[in-house]
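This briefing covers how the strands pair and how the cysteines are placed. Please read the points below alongside the sequence and the structure.

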Amino acid sequence: MQYQASVNKLTQPLVAHLLDNADKLRLCVEKLENGCTIIDAGIKVPGGLEAGRIITEICMGGMGTATLSQSCYTNHWPLTINVHATNPVLSCLGSQYAGWSLSHGKYYALGSGPARAMATKVKDGAVEPVEELYKELEYRDSCDKTVLVIENDAVPPLEIVEKVAAACGVSPADLTIIVTPTSSLAGGVQVVGRVLEVAMHKAHALHFPLENIIDGTGSAPVCPPHPNFVKAMGRTNDAILFAGQVHLFVKGSDEAAEKLAKELPSSTSKDYGKPFADIFKAYEYDFFKVDAMLFSPAVVIVTAVESGKSFRAGKLDNALLDQSFGL
């Protein structure tokens, strides 16, 4: 990658803001026995929309902005999160993507955020990134402090905390872990705030050259929370699948831009057509059985900057959105 700003350094002011304003944001901050700082954004405390907005920016590596607004784009769900990244490849794939699989005993979670860009492992005597994606990005970050975001309804065990710190090459005292349950307001916001990231990830899966993606923005309605994990997770996905909008600015030919626009929307997937919770249940709660091409925004605009032409594809589905959101 040509531009390699430190996602960990850029997020430290945002993490400090959460810590300094924990009471205002209705967060709980605790120190584990090994010195790691845990920020609870919805397990034992209410958290809220603003906490979720800030956590979204942390997930984006401090290279993106997230705002909440009211929009008339959908029929019944005006509350909208809008995201923009100054470097969408690094921000979304190099930080925001939940690509770090963490488990110990019965505890399992996916980690996202800047810590991913520092995490390494030793394989065949050589040090390499924990995630293969970073080899392709040719990016590895370094910083004296780091932060990881986990989508779970429980604080991770010490064994996972120690594993994360060791992989990132920092002491647990220099690690902050933010925990956002899917059923919480903050958790819902930060997942829906991945609307641009899922478009970037699908573009990567479609083998579109990442170096040709110059800029991007996205928006999606903030879903109402649900106490049931599967339904809560379903709603966060459906907000993007049925009403997410993304605009990408790319280099290259008009043909390549048009092809990307046509292939990106969620409606191109064979699994499109019903709420995600129903799809998940039909596949016996096995993510790997769900068509990977489903995870993408509803509507996509791709602008070829060298010609000035734009290509639009996909559709908004108010009926499926209402069905998912429980209206």
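Two strands are taken to pair if DSSP finds at least two bridges between them. The model described here is predicted. In strand S11, the bridge partner of Thr-80 is Pro-221, and this contact belongs to the pairing of strand S4 with S11 described below.

**Open sheet**
- Six strands form an open sheet with mixed pairing, in the order S1-S2-S10-S9-S6-S5.
- Strand S1 (28-31) and strand S5 (100-104) are the edge strands, each of which pairs on one side only, and the twist from one strand to the next averages 25°.
- Within this sheet, strand S6 (residues 107-112) runs antiparallel to strand S9 (residues 146-150), to which 2 bridges join it, and Ser-112 has Val-149 in S9 as its bridge partner.

**Pairings of S11**
- Strand S4 (residues 79-85) and strand S11 (residues 213-221) run antiparallel and are joined by 6 bridges.
- Strand S12 (residues 245-250) is also antiparallel to S11, again with 6 bridges between them, and Ile-213 stands opposite Val-250 in S12.

**Cysteines**
- The count of disulfides comes to 0, where a disulfide requires a pair of cysteine sulfur atoms within 2.5 Å.
- Cys-72 cannot be assigned such a bond because the closest cysteine sulfur, in Cys-223, is 20 Å from its own sulfur; Cys-72 is exposed, with a relative accessible area of 76%.
- For Cys-168 the closest cysteine sulfur is that of Cys-143, at 11 Å, which is likewise too far for a bond, while Cys-168 itself counts as buried at 7% relative accessibility.

Technical notes: Residues numbered from 1 in each chain as written. Predicted model: local features only at pLDDT ≥ 70, side-chain atom pairs only at ≥ 80, totals over all residues. Heavy atoms only, no water. Helix = DSSP H or I, 4+ residues; strand = E, 2+ residues; numbered from the N terminus. Axes fitted to C-alpha atoms, helices over the stretch in contact; angles between N-to-C directions. Buried < 20%, exposed > 50% of the residue type's maximum accessible area, 1.4 Å probe, protein only.
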